[in-house]
Amino acid sequence: MLKRLVIGRAMRSEELGETLLPKRLALPIFASDPLSSVAYATQEILLVLTVGGTAFLYLTPWVAAVVVALMVIVVASYRQVVYAYPSGGGSYEVVSTNLGPNAGLVVAASLLVDYVMTVAVSVASGVANIISALPSLADYRVEMAVGFVALLAAINLRGVRESGNAFAAPTYLFIAGMMLMIVTGLVRVAFGHPPVASSAQYAITPEDGKDTLAGLGLLLLGLRAFASGCTALTGVEAISNGVPAFRRPKSRNAATTMAAMGITAIVMFVGVTALALIADVHITEDSCQLAGFPDCANTPQQTVIAQLAASVFGGDHSVLFYLIQAATALVLILAANTAFNGFPLLASILAEHRYLPRQLHTRGDRLAFSNGIIALAVVAGGLLWLYDADVTSLIHLYILGVFTSFTLSQIGMVRHWNGLLRTERAPAVRGTAHRARIINGFGAVTTALVLVIVLLTKFTQGAWLAVVAALLLWLMMRGIRRHYDTVAEELAVDDPHAESVRPSKVHGIVLVAKLHKPTLRALGYAQAFRPDTLEALSVAVERDAVDALKEQWAAFDVRVPLKVLDSPYREITKPVVGYVREYRRVNPQEVVAVFIPEYVVGHWWEHLLHNQSALWLKSRLLFTPGVMVISVPWQLSSAPRADHPARRAPGAVRRGEPAANVDHLPRTGG
């Protein structure tokens, strides 16, 4: 009932078409990450430039302009991917097809790491905005962040469409709020009353020697600010991964949604950056760099968005200030939903290609990839706990993976168009391919330069951890594929007749601890199998108990011979396994069928009290060739029975059951 309350009723596979998304829902689902990143992209640029005090803030517009140009290039490039590869593999499919499976795995590993970081950074940033409005919650930062991740996972387990319905309103509220703030601020500037941030009164103390940077030092500072500002591009590729989730025509709807996302994100990023410069927002990594900032060691600084909202709408106690903060916090937390859609989908494709465990390709009750959602939530939650949900610490691990994906994807698209041009003769198609190749080629060069910049500026600050994580993931996926290939080769049938030949004899063994109802059921079940030979096997741990068992065996006139193994060291598993293996050594052509009576219990704590010896015996016997282990269950009174089924939530459907009531159908024999 709890599962149904959280997730909802199970859906039949035929209902998958009902989960397809219109553009109005696809935008908040797949584009909430790049849209929300404007809430911290400007802040990350300012945090880097203020290491030298206010001396280098003049670089902000130039850095922002390059970020905007890069976003235009990336969005245009991925629109080509949407049309060329509409199956949903996105960058992974493009690179695997055109550059080979190893390069495709590099992209996959990079994206999986980046999706985890998207959840961690987005949720941590959202919590930071909540604390900006309610500083008293600062001590609960980690608990709030992990709780939000769990909530997002629960909503996504209900299905893609339901998560879209839940997240659409906050995303559109954020867009409306940001536009209102930007327009209001610019109108105030036009009328001669520009907003002034509360932090403008505090001078910034530069770090030692950083205010005199010139030449190469200044260039590196600008590049580092640009690398931090490129967080605005995270999540752009998610739409290309989610094309199958769109309504028809899928590619056109996905391309339209991507264009809408790009235009909206650019307008908001430019507006926030302009207002931050006009309002003279001051923000630093260390609060004590702000000369005169009260209790700098314990008081957190307000985010750039919080300072702008307060300056534009008349203070940090106005209704619109709280509205902007609430909408920003919500959308930043919900931005993680981009990853909650992208990660499970990519993981399912990798699982289908045997690079990840096959369970990740299985859809859950609500037709979502539940195992991928849960895996993402667990890893991201652990990362937030490890880094105390601190945005500045987490941001250095960010964006490296996404630019690796961008670069290889654009190179792959160039090769795709080259291959098309070698075979295509239609002038219209060739013209389109030439234009697309130019766009993708320019995108490849640009994103490759950005990748180098990100590596140079962020590697020693923590980005090396993301590189190591992606490398380990790449090696793990290759190992999983190698294992699956080895197993498939081992299990392949070469000679059907030889593989299906019947054993010469079957020797049955029923394990007996005492003579009670479960033992008698196991004996009867073993006899129904009609093995060539059958015996009962017990271990003499306590002599009195063995003598009593023999007396009962004779009194009940059990027709199956009882064999008792001596156990001077009071072991059970070792004598049984040794006996079975010795029998197999002497009779290698026979199969041994071991029947183990087991209790079926109804409470978790009862598992601690029963079946321990049976579980250990099974785990050992399963490694013995030629031995079949058969459990014979006995349902205790606490166990749920078929004639007394456990209660379910209304409308719940178990796997394998028809949706409608079938009690009226005639019963068949058997």
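The following dialogue explains how to read several features of a predicted model.

Student: What should I keep in mind about the origin of this structure before I begin?

Tutor: Please remember that this is a predicted model.

Student: Let us begin with empty space. How does one find a pocket, and how much space lies in the largest pocket?

Tutor: Rolling a probe the size of a water molecule over the atoms shows where empty space is left. In this structure, the largest pocket holds about 810 Å³ of space.

Student: Which residues lie nearest the centre of the largest pocket?

Tutor: The lining comprises 31 residues, and those nearest the centre are Val512, Ala513, Lys514, Ile572 and Ser613. Sorted by class, the lining has 20 nonpolar, eight polar and three charged residues.

Student: Which helices and strands each supply at least two residues of that lining?

Tutor: They are helix H21 (517–528), strand S4 (533–540), helix H22 (543–555), strand S6 (590–600) and helix H24 (612–621). The largest share, five residues, comes from H22.

Student: Helix H24 also contains Leu617. Is Leu617 buried or exposed?

Tutor: A residue counts as buried when its relative accessible area is under 20%. Leu617 has a value of 5%, so it is buried. One may also look at what lies across from it in space: the C-alpha atoms of Leu617 and Lys574 are separated by 8.7 Å, with their positions 43 residues apart along the chain.

Student: I should now like to understand salt bridges. What is the general idea, and how many salt bridges are counted here?

Tutor: Side chains of opposite charge can pair when their charged atoms come close. In this model the count comes to seven salt bridges. One of the pairs is Glu285 with Arg224, whose closest N and O atoms are 3.9 Å apart. This pair links distant parts of the chain, 61 residues apart: Glu285 is in the loop between helix H11 (250–278) and strand S2 (290–291), while Arg224 is in helix H9 (residues 216–229). Glu285 is partly exposed, with a relative accessible area of 42%.

Student: Which residue forms a salt bridge with Asp566?

Tutor: Asp566 pairs with Arg543, at 3.9 Å from N to O. Asp566 belongs to strand S5 (residues 562–566) and Arg543 to helix H22, so the salt bridge ties together parts that are 23 residues apart in sequence. Asp566 counts as exposed, at 55% relative accessibility, whereas Arg543 is partly exposed, with a relative accessible area of 46%.

Student: What is the distance between the closest N and O atoms of Arg559 and Asp557?

Tutor: In that salt bridge the closest N and O atoms are 3.3 Å apart. Arg559 is exposed, at a relative accessible area of 69%, and Asp557 is partly exposed, at 45%.

Student: Which residues are linked in a network of salt bridges?

Tutor: The network links Arg354, Arg481 and Asp485. Arg354 is in the loop between helix H14 (336–352) and helix H15 (370–386). With a relative accessible area of 26%, Arg354 is partly exposed.

Student: What should I notice about the backbone of Arg354?

Tutor: Its phi is near 70°, a positive value in a residue other than glycine. Arg570, likewise not a glycine, has a positive phi of about 65°. Arg570 is found in the loop between S5 and helix H23 (573–586), and at 58% relative accessibility it counts as exposed.

Student: Where is a cis peptide bond to be found?

Tutor: Look at the bond joining Arg248 and Pro249, where omega is about -5°. Pro249 lies in the loop between helix H10 (238–241) and H11.

Student: Finally, let us consider the surface. Which residues make the nonpolar patch?

Tutor: The patch is made by Leu455, Phe459, Trp464, Leu465, Val467, Val468, Leu471, Leu472 and Leu475, and it covers about 740 Å². Helix H19 (residues 463–491) gives the largest share, seven residues. Leu471 is found in helix H19.

Student: How is Val452 to be described, and in which helix is it placed?

Tutor: Val452 is in helix H18 (residues 427–458). At 45% relative accessibility, Val452 counts as partly exposed. The C-alpha atoms of Val452 and Leu400 are separated by 9.5 Å, although these residues are 52 residues apart along the chain.

Conventions: Residues numbered from 1 in each chain as written. Predicted model: local features only at pLDDT ≥ 70, side-chain atom pairs only at ≥ 80, totals over all residues. Heavy atoms only, no water. Patch = residues over 30% accessible without salt bridge, like charges linked within 9 Å, V, L, I, M, F, W, Y side chains within 5 Å. Areas by Shrake-Rupley, 256 points an atom, 1.4 Å probe, with all protein chains shown as cover. Salt bridge = Lys/Arg side-chain N within 4 Å of Asp/Glu carboxyl O. Helix = DSSP H or I, 4+ residues; strand = E, 2+ residues; numbered from the N terminus. 1 Å grid on protein atoms, 1.4 Å probe; cavity = no way out; pocket = protein on both sides within 12 Å on 5 of 7 lines; lining within 4 Å. Points joined across faces, edges and corners; volume = space filled by probe spheres on them. Nonpolar A, V, L, I, M, F, W, Y, C, P; charged D, E, K, R; others polar. Buried < 20%, exposed > 50% of the residue type's maximum accessible area, 1.4 Å probe, protein only.
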